[in-house]
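The following exercises concern a predicted model. Each task is followed by a solution that goes step by step.

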Amino acid sequence: MVKLLGMEISSASFAFRVISGVVLASGAFLILYFIPANLARFITAYAPDAPQPALALLPSFIGPIIQVVGLALVPVIFLCALLRGTKAYGPLTIVLSLLSAAYIYSVFHGGVISALLTDLPLGDGMLADLHIAIDLTWMMIAFLVPTILGLIKGVVLTLKKG
Amino acid sequence: MKRSIALALINSLIVVFVIAAFGIAFLVAANAFGAAYSIRTGEPLFNSSGPVVQFSVPVSLSNPGPLAVSDISLTATVRGMDGETIAVAPSAPVSVPPGAEDMRFEIPLIINLSEIPGQSLSLLFQESGNLSVEVDAEAGIAPFVRITASVSAEVPWSPPVQDLQIGDPAFLGYNSTHLSASIPVSFRNTGEFVVDGSMNVTILDAETGAPAGAGALGIYAPPQSDFSGDLVFAVRLPENATALLFEDMTFRYNFTLGFDLYGIEVFSETEPVDIEWGALVSNPYLGSPAVSPHNLTFASLAFPIGFENANDFVTLDGSVTVALVINDQTVAESSPVYIHAPPDSSVSTEVVLQVPKWALVASGNLVVTLSTGLWSASLEVPYNHG
């Protein structure tokens, strides 16, 4: 038996929690941090014919905050998997929900993703500047709803354990 | 127990909303990419009717997704080289319903030359440079996505009238009231428009402002062609024939040269023009006569006569006669002597007069009359042979 923050679980269950935590954390690291941080490099390597304007837009879409929040989510996800059912699970769920909300907010740039591209070749030596703004506010809200529910769940769990 | 139900409900809702959010994202993305990849633009169409020039870009679009692509609109703004707005062309919003295939519409850009400020039009007409084109586009998949894009670019402009050359007037002819001349005009149409218009000249007397002449030249120059022509005009001459024949004068005019394109004046320039008019009969002289007997009662007087034609344009063709007037009575008159004096040339001839012998010792006047087809004038010279 393993005692985990006052909760006793079997060794097998503990091992399962650790493994699932590592798998989930690895997945989160890959999806929430590694791929966004290296997306431009991947596109260049695996899709060399990708239009240059699309590559130039990436830095505008994937800012450094996404990577920081994505990285911060990794240990929280691991801990959530490990400490599920313990006293810490409620506060961890709150933190996970808040970080997830922050991540979604960053991904959607607060609802409106905008970018400015300059000197795009148009042919015949002509260059153009492109300013693009994509309003995804409602889409962002759709993704934020589960994090709000997660926050409520965390509060409920915290109150229950208290 | 209640909390466990609440937690189970929250967990279920989280799962539902996560699936819903990803489902919406997938649906919208598939819809947007499907519509975006179906966009086909045709060859831009050009049409000009009078002062209205219209470009239109045919666009075809399909919407394979389940959501309508709504409020697709474009606004194109063109600014001239001086930054003035030449045209603003908003297109009517178009919506493509779900499942629509190959929906076709046109995005027109209409430039009304008559609405362009004169200075901008004049620049556009003659100067090459860059036009600033800005296209604002908007489209959405309501309510999840709304995209606005703005593209701005500098587009090189080739003027429809390049290297406009206006040459010096060339004299064509004259009559008793007008001089006619022509101005060579040439230019190259480097633009994409047909230059269909006219060039005209309005001539005003510089001192009185009264109209003094006019002329026009029709112009038609297809794109990428050279145009040359002669703008023929007539200038009114002063009515004083004596002055035209015997005096050097300067005619001062204001020439206003205008270029109309599709009935709109796109170029106008006023220049003062002085026309130097040299006397057709300059430095006239009437020499001493050579006297010889003609018969018992008459004697012949042969007068050497000459002058310079100081005019640069007009050839003087006419005749000269000499009459002897004594006490207001014409006592003798010569036969007309034909004269031909090209511009800037000298003429000398002899006029023979048969006079009564008594007149050789009388005093009077010699009246020298110059007649051309257009003008006639006389000079009186004292005669005192005795």
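## Two exercises on chain B

**Exercise 1.** Determine which residues of helix α2 of chain B are buried, which are exposed, and what covers the buried ones.

*Solution.*
1. Helix α2(B) spans residues 118-126, and its buried residues are S120(B), L121(B), L124(B) and F125(B); the criterion is a relative accessible area under 20%.
2. These buried residues lie on the same side of α2(B), because the arc they cover around the axis is only 135°.
3. G118(B) and Q119(B), on the other side of α2(B), are exposed.
4. The cover over the buried residues includes five strands of chain B: β5 (85-90), β8 (129-141), β9 (145-157), β16 (249-261) and β17 (264-277).

**Exercise 2.** Describe the interface of chain B and chain A: its buried area, its polar contacts, and the elements of chain B that take part.

*Solution.*
1. Chain B contributes 28 residues to the contact and chain A contributes 26 residues.
2. Between them the two chains bury about 2,200 Å², of which 72% is on carbon and sulfur atoms.
3. On the side of chain B, the most area is lost by R3(B), L7(B) and I10(B), which together account for 22% of what that side buries.
4. The rule finds zero salt bridges across the interface, but five residue pairs in polar contact.
5. In chain B, the elements that give two or more residues to this side are α1 (2-38) and β9; α1(B) gives the most, with 14 residues.
6. By class, the residues on the side of chain B are 20 nonpolar, five polar and three charged.

How values were computed. Residues numbered from 1 in each chain as written. Chains lettered and ligands numbered in written order. Predicted model: local features only at pLDDT ≥ 70, side-chain atom pairs only at ≥ 80, totals over all residues. Heavy atoms only, no water. Buried < 20%, exposed > 50% of the residue type's maximum accessible area, 1.4 Å probe, protein only. Helix = DSSP H or I, 4+ residues; strand = E, 2+ residues; numbered from the N terminus. Arc of directions from axis to C-beta. Contact = heavy atoms within 4.5 Å. Buried area = accessible area lost by both parts, 1.4 Å probe. Salt bridge = Lys/Arg side-chain N within 4 Å of Asp/Glu carboxyl O. Polar contact = N/O pair within 3.5 Å; in protein donor to acceptor, adjacent residues only side chain to side chain. Nonpolar A, V, L, I, M, F, W, Y, C, P; charged D, E, K, R; others polar.
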